[in-house]
Structure formats: C-alpha cells, structure tokens
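Hi,

Here is the structure I promised to pass on to you. Have a look at it first, and then read on for what turned up.

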Amino acid sequence: VTNWHHPQFHAYYPTANTFPSILADMLSDAIGCIGFSWIASPACTELETVMMDWLAKALGLPDHFLFPAGGGSGGSGGGGVIQGSASEATLVIFLSARNLAIQRLQAQQPEAQQQPSLALSRLVAYASDQSHSSVERAAMLAFVQLRKLPTDGKRSLRGDTLARAVAEDRARGLEPILLITTLGTTNSCAFDNLAELGEVCQSEGLWCHVDAAYAGASLICPEYRHIANGIELADSFNFNPGKWLQITFDCSALWLKDSSKVVDTFNVDPLYLQHEFSGQVPDYRIWFVLRSYGIEGLQSYIRKHIRLAKQFEELVTADDRFEIVEEVVFGLGANAPSRELYRCIREDGRIHLIASEFEASDTFFIRFAVCSEFCEAADIRYAYDVISELANEVLSKK
Ligand code: PLP
C-alpha cells in the first residue's frame, strides 16, 4: 500500500481523509439510501443542494452558481452537483457543450438533422498545453477536436492566444464551442488568465469551464481569491474537496451558471426532469467536515500547507545546487532538473515525490507537494535533508 497520508508523502497531490468524513461515509453506507430522484429519498437531494450552496458561499463563488432562492433546480438557474472526479466533471461539460452545439447547428443546417456527424465534425474545443490529461480524454470520448494552445512565460493561457485560435478555426469552417481553463495546473500549479479568457469566451459565444481541481480549495481563504479573477465570466467551475479540503476521496464539486444545460443533456426520461439533476448519491461528508472543522479550521489547514511549501522553497532557494522552476503559489513547487537525483529519491524510499516535465521546453523537474494533514515543519526539513544527502551522492559520483 502506498501510504498517501504519511507526512513524507510529497507526490501527486493531497488526498483528504479526515475522521468526520470517514464517519460520514460510514453513516451514509449504513443508511444505504438511494437518491436517483428527489422522491426516492428527499433528504439526499436536499442535503446536497444545501451543501453545494454552503460550499459555494465559503469559496466566495458568484451568486449565479447558487441554486435559485427557494431551492431546487428545475428551471434554468444555477446550482452545484457532486461528481466523483474532476475528470468526470470535464466529461460532463464536454458532452453538454457538444449537445448544445449540435442542436444549434442542426437548427441552422437541416441536412445535419439526418446526419449529426456533419455537425459533430465541425466542433472544436480549447485548453492550454498545460491542461490535465483528462481534458484530452474527455475530448476523445466526446469526439470533439481539441486544440491545445501555447502558454506564456508563466505557463498561463492568455486571451489573445485564444482569440487568434478561434478566428483561425472559424476561417477554416469550424465551430468553436468550449474552453477548459485551468487554475492550478497539475505540472506546476500555474494559472490561466481567466479574466482575459472569460471575455473572449463571452464575445465568441464559447462555454467557459474552470478546472481548479487542486487550487480551488484555496478560495476558502479570502486572501487567495485573486487567483480566480474573472470567475464571474465562467459558465461552470469545478474543484475537488477530495484533494485539499478534507473530504475523503472521491468528491468533486461542479457548479453551473445554467444547470438546465446539463440536465437536458443527460435526461432521457421526462418523468424525472424535475428532480434528476440534484443528487445522484447521498453525500454527508461535506456536511460532517464543515460542521467539524468549520470554515476557520479549513482556512488554517490551507494556510498551513502554503506556509510549509514556502518553507521548502526557502530551503531550496538557499541551496545553489537546486533551481525552482515555477513560482510557488500554493502547496506545490518544482525543483532540480536531474533524472539521476529523482531515480535515487525513488530508490531510497524515505520520502515520496514524483517528477514531471514541461514538454515545450524539454524541462524535466522534480515536483514537491505538501500533502498530509500531519505534515509539519520538521517533515519539510527532513524531506530537504534527504534530497540534499542524495544530491551530494549524485554529485560526488559525477
Ligand atoms: N485537473 C487538474 C488541474 C488536476 O490537477 C487533476 C488531478 O491531479 C485533474 C484535473 C484530475 O482530477 P481527478 O483525479 O479528480 O479526475
């Protein structure tokens, strides 16, 4: 078993497991309620609706992502729904954007009604070259072309790059439908310029989806909300409480400005139209964790991880054998272009890290994430000491 909750686990990303969340899972299993429609077990839907609104408010998301006053999601208002993973959320968005676009093109082009593939072949979506592999997979599964756009010096996708790509594609007869923008990339926690991109999406009629799988949790701290400047221009927003917000895996929160776009895509039985969107499964974990930790408890957890990442950055910056390859904003940093050092760290086994690369510049780097709830300053120092000792060995062999 790879112990993801060990204080010396610094690979991938944090994945939460907290006692309130585990208890909630047990309660949920014990009740064993099935919530495929509101009427099947009203408390499931009601609780998920209330939790998603609480969570949206805790993150400071725009009001248009909240359920309409009075609850429920029957109409075209906003609302949130829990998915298993960010990959699922992206796929749901792809399929919904595709559905809307095909309906629009079929209305314009009668021949496409007989042959939906005519419309499908024209659709194109965009993401940056730093986006998570799940974006490429969702595009593949939805049979929608994906253009991966180059980023600037800070690995951020900019508005003018998107605007140019859209203009080129329209000139080629394609139909741009969707942008998946990332806040906190998997490689190095870089941020797309949402304010610029949101404006382009609005003027070009593109669905703007925000993938903030890891970094979205930081919005619970008001001082980090600047990373989401432009969020009011987004049509949908997703982050994983199961990564960095103390809810056990799996739990991914997806909000929509207009929930009917998803409801209409996935509904096949009009009988269920009214309640289908809100809640497929009972989910008490968000409730238990919010009640146990409180917003302040979650804020101090996020702030502690960021402090620890800064401590690691300071240690590495003071050591001229290493180089920081990306600005350390949250609990993820990257250092030292050395495949040999990485091999030694993996073989040694005292700490656990993974490597990554920026393909465009052929830069290999070792990635350091603060993961465990129980990670303390001494664990960061320990990790640095292990890396330093192994770096000495690698350098002395050279
Ligand atoms: N998007 C980003 C930016 C990620 O960092 C990740 C995972 O690390 C994902 C999507 C995929 O998340 P999930 O495992 O929940 O599908």
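In this predicted model, there are 20 salt bridges. Side chains of opposite charge can pair when their charged atoms come close.

Start with lysine 154, which pairs with glutamate 327; their closest N and O atoms are 3.4 Å apart. Lysine 154 sits in the loop between β3 (145-149) and α7, while glutamate 327 sits in the loop between α11 and β8 (332-335), so this salt bridge ties together parts 173 residues apart in sequence. You will find lysine 154 exposed, at a relative accessible area of 54%.

That same loop between β3 and α7 also holds arginine 158, and its partner glutamate 196 is in helix α8, so here the linked parts are 38 residues apart in sequence. The closest N and O atoms of arginine 158 and glutamate 196 are 2.7 Å apart. Arginine 158 is partly exposed, at 29% relative accessibility, and glutamate 196 is partly exposed too, at 28%.

Is aspartate 319, which bridges to arginine 321, buried or exposed? Aspartate 319 is buried, with a relative accessible area of 8%, whereas arginine 321 is partly exposed at 30%.

Now for the inside. The largest nonpolar core has 61 residues, and Leu162, Phe237, Phe239, Trp255 and Phe330 touch the most other members. Domain 1 (19-291) and domain 2 (299-397) both contribute residues, so this core lies between them. Apart from it there is another core of 31 residues, including Ala11 and Phe322.

Enjoy exploring!

Technical notes:
Residues numbered from 1 in each chain as written. Predicted model: local features only at pLDDT ≥ 70, side-chain atom pairs only at ≥ 80, totals over all residues. Heavy atoms only, no water. Core = buried A, V, L, I, M, F, W, Y, C linked by side-chain atoms within 4.5 Å. Buried < 20%, exposed > 50% of the residue type's maximum accessible area, 1.4 Å probe, protein only. Domains from an automatic or database assignment. Salt bridge = Lys/Arg side-chain N within 4 Å of Asp/Glu carboxyl O. Helix = DSSP H or I, 4+ residues; strand = E, 2+ residues; numbered from the N terminus.
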